[in-house]
Amino acid sequence: MSADSSPTASKTSADRVRIFDTTLRDGEQSPGASMNLGEKLEFARALAGLGVDVIEAGFPIASVGDFESVRAIAAEITGSTVCGLARCNDRDIDRAWEAVQYAQSPRIHVFLATSPIHREHKLRMSREQVVERAVAGVRRAVGLCKDVEFSPEDAGRTEPEFLREVIQAVIEAGATTVNIPDTVGYLMPAQYGAMIADLVKNVPNIGKAVISTHCHDDLGLAVANTLAGVAAGARQMECTINGIGERAGNAALEELVMAIKTHREYFGVDTGIKTERLYPVSRMLSSITGLTVQRNKAIVGRNAFAHESGIHQDGMLKNRSTYEIMRPEDVGVPQTDLVLGKHSGRHALRDRIVEMGYTLNDEQVEAVFKDFKALADKKKEVYDEDLAVLVERHLGEGDVPASWQLLSLHTTAGTSVLPTATVSIRRPDGEVVQDAAIGDGPVDAIFKAVERVTGVHANLHEFVVRSVSQGKDAQGEVTLELEVESDETSFRGRAASTDIIEASALAYVNAVNAIAARKERGQTREVAGRPGAGL
Ligand code: KIV
Ligand code: ZN
């Protein structure tokens, strides 16, 4: 693309486009991506280190857990604005403010659906009522916080003239950012760009607010649509690390940032992102959530910078620019995979942890060091991925008390024996109980034995084993999801070990502990309070 065809060809200095990261809110809504408080806090620190302008930390009204994590992030993070989501009602907005009020730079984000489909079938409200409610919500938020964002949910399927009317009204009411969500990922890039251009051209007070994009990836177009929005004048991009989010996800932050950087002349904008932190932050999210990215994922996939074919390799050796539009070091891909071994000391371990983007305190480093030594005794080479699993083990400590503790395990399995498992478990009251069970295989037998001891009956929804790093001696990580019949919420358990049978048992006990903790706190997620459900 020549600079002449750029939408901003006449500009000389670049504008700034803000990065609004919603991994902890929209991203966390994706199945299997839920995080505990310690994990959210650590990830928020990594986002601030990456240089994101706004961190949407959660939806405070949704649950006590969401509220607490938004509040903790707001209290600690500096350098990035911390934002809480709210529907257009006083209770939501007041709760969001309660959570973000002590942030160095707080923001309240209110949303209300505007499309005819949502107005008729979900809200049962007329156009007039929607405008009235949106304005009332923004006014309430403005009375509490000077930085207020408004989102007309499902803007992508809203009548253009009504969208203009709503946007004009909320800006008049004090909204400082107007976000334009393609909630269901319906639009084509040219359509999304035209929608933003229409607002720039036809909303008289549009200059008083920043226009933001928020695109979902149902047709695989979230990044393309977002970029079309920026080309048309949007100056905030809402996105998530690795593109995680509802259904097919949101626009991937790393792809947007590198597209803007690679085509700076074309877009005429810059981000404030430290691009060399992209890869470590992507890895951290995968490690925290267990949601790994596919090998060929742009920017952060394992193969993103690998050149296999002879012709490509030959070209690369002659001149890297033949087949490379970005350098791996620009996005922080480490030059070597191998990190530590048996003889590595505390300093080497701490340095590596910091390079990976974690901010552990001394006590946590000491605990990781102990685990590292034990692991290095079992496997010769400890890779970043192995280390991430060890770090992860100590991030959310205290969030889910280890009420039930697996002390020992014995299994018998084979082609001609009945699979059996014997477990020894410490109960929450300290008593040690032993029991045994038979099952379809050793893992099934363990789960049944744990069920007998703990009395927690749950359905196993998902069971995934993956190799954490490389080689026959690699750690196996087990991620599983349990659902208790009386409670629609699912509970995640995750553990790693060089023995996958042990990892399965530990993951199961972790999930049982999560169920016990939830019962103890009497805390259930307000499913009806998630975006997409009513007012
Ligand atoms: O997709 C969407 O419409 C949202 C809003 C709450 C901004 O996530
Ligand atoms: Zn969304």
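Domain bounds, as used here, come from an automatic or database domain assignment. In this predicted model, that assignment gives domain 1 (18-289), domain 2 (310-397) and domain 3 (400-521). When the centres are taken over C-alpha atoms, domain 1 and domain 3 are separated by 38 Å.

The metal site was examined next. The zinc ion (ligand 2) is coordinated by Asp-26 through OD, by His-214 through NE2 and by His-216 through NE2, at 2.0 to 2.1 Å. Along the chain, the donors of this zinc ion follow the spacing D-x187-H-x1-H. Distant parts of the chain are thereby linked, with Asp-26 placed in the loop between strand 2 (18-21) and helix 1 (37-50), and His-214 placed in strand 8 (residues 210-215), 188 residues apart. Both Asp-26 and His-214 are buried.

The residues that coordinate the zinc ion, Asp-26, His-214 and His-216, are also among the residues around ligand 1, which further include Arg-25, His-109, Phe-111, Ser-151, Glu-153, Asn-179, Pro-181 and Thr-183. A polar side-chain atom of Asp-26 lies 3.1 Å from an oxygen atom of ligand 1, and an N or O atom in the side chain of His-214 is 3.1 Å from an oxygen atom of this ligand. For His-216, a polar side-chain atom is found 3.0 Å from an oxygen atom of ligand 1.

Turning to the nonpolar interior, the largest core holds 116 residues, of which Phe-150 and Ile-180 touch the most other members. This core draws at least three residues from each of domain 1 (18-289) and domain 2 (310-397). Apart from it lies another core, of 30 residues, which includes Val-423, Val-443, Phe-447 and Phe-491. When residues up to four places away in sequence are not counted, Phe-150 touches Cys-88, Val-110, Phe-111, Leu-112, Ala-134, Val-138, Val-166, Val-170, Ala-175, Thr-177, Val-178 and Asn-179. Of these residues touched by Phe-150, Phe-111 and Asn-179 are also listed around ligand 1.

A further residue considered is Val-203, which is found in the loop between helix 7 (189-202) and strand 8. Val-203 counts as buried because its relative accessibility is 3%, whereas the limit for that class is under 20%. Leaving aside neighbours within four places in sequence, Val-203 is in contact with Arg-164, Ile-167, Gln-168 and Asp-198. The C-alpha atoms of Val-203 and Val-269, which are 66 residues apart along the chain, are separated by 23 Å.

Notes. Residues numbered from 1 in each chain as written. Chains lettered and ligands numbered in written order. Predicted model: local features only at pLDDT ≥ 70, side-chain atom pairs only at ≥ 80, totals over all residues. Heavy atoms only, no water. Donors = N, O, S within 2.8 Å, 3.2 Å for Na, K, Ca; no water. Helix = DSSP H or I, 4+ residues; strand = E, 2+ residues; numbered from the N terminus. Buried < 20%, exposed > 50% of the residue type's maximum accessible area, 1.4 Å probe, protein only. Core = buried A, V, L, I, M, F, W, Y, C linked by side-chain atoms within 4.5 Å. Contact = heavy atoms within 4.5 Å. Near = heavy atom within 4 Å. Polar contact = N/O pair within 3.5 Å; in protein donor to acceptor, adjacent residues only side chain to side chain.
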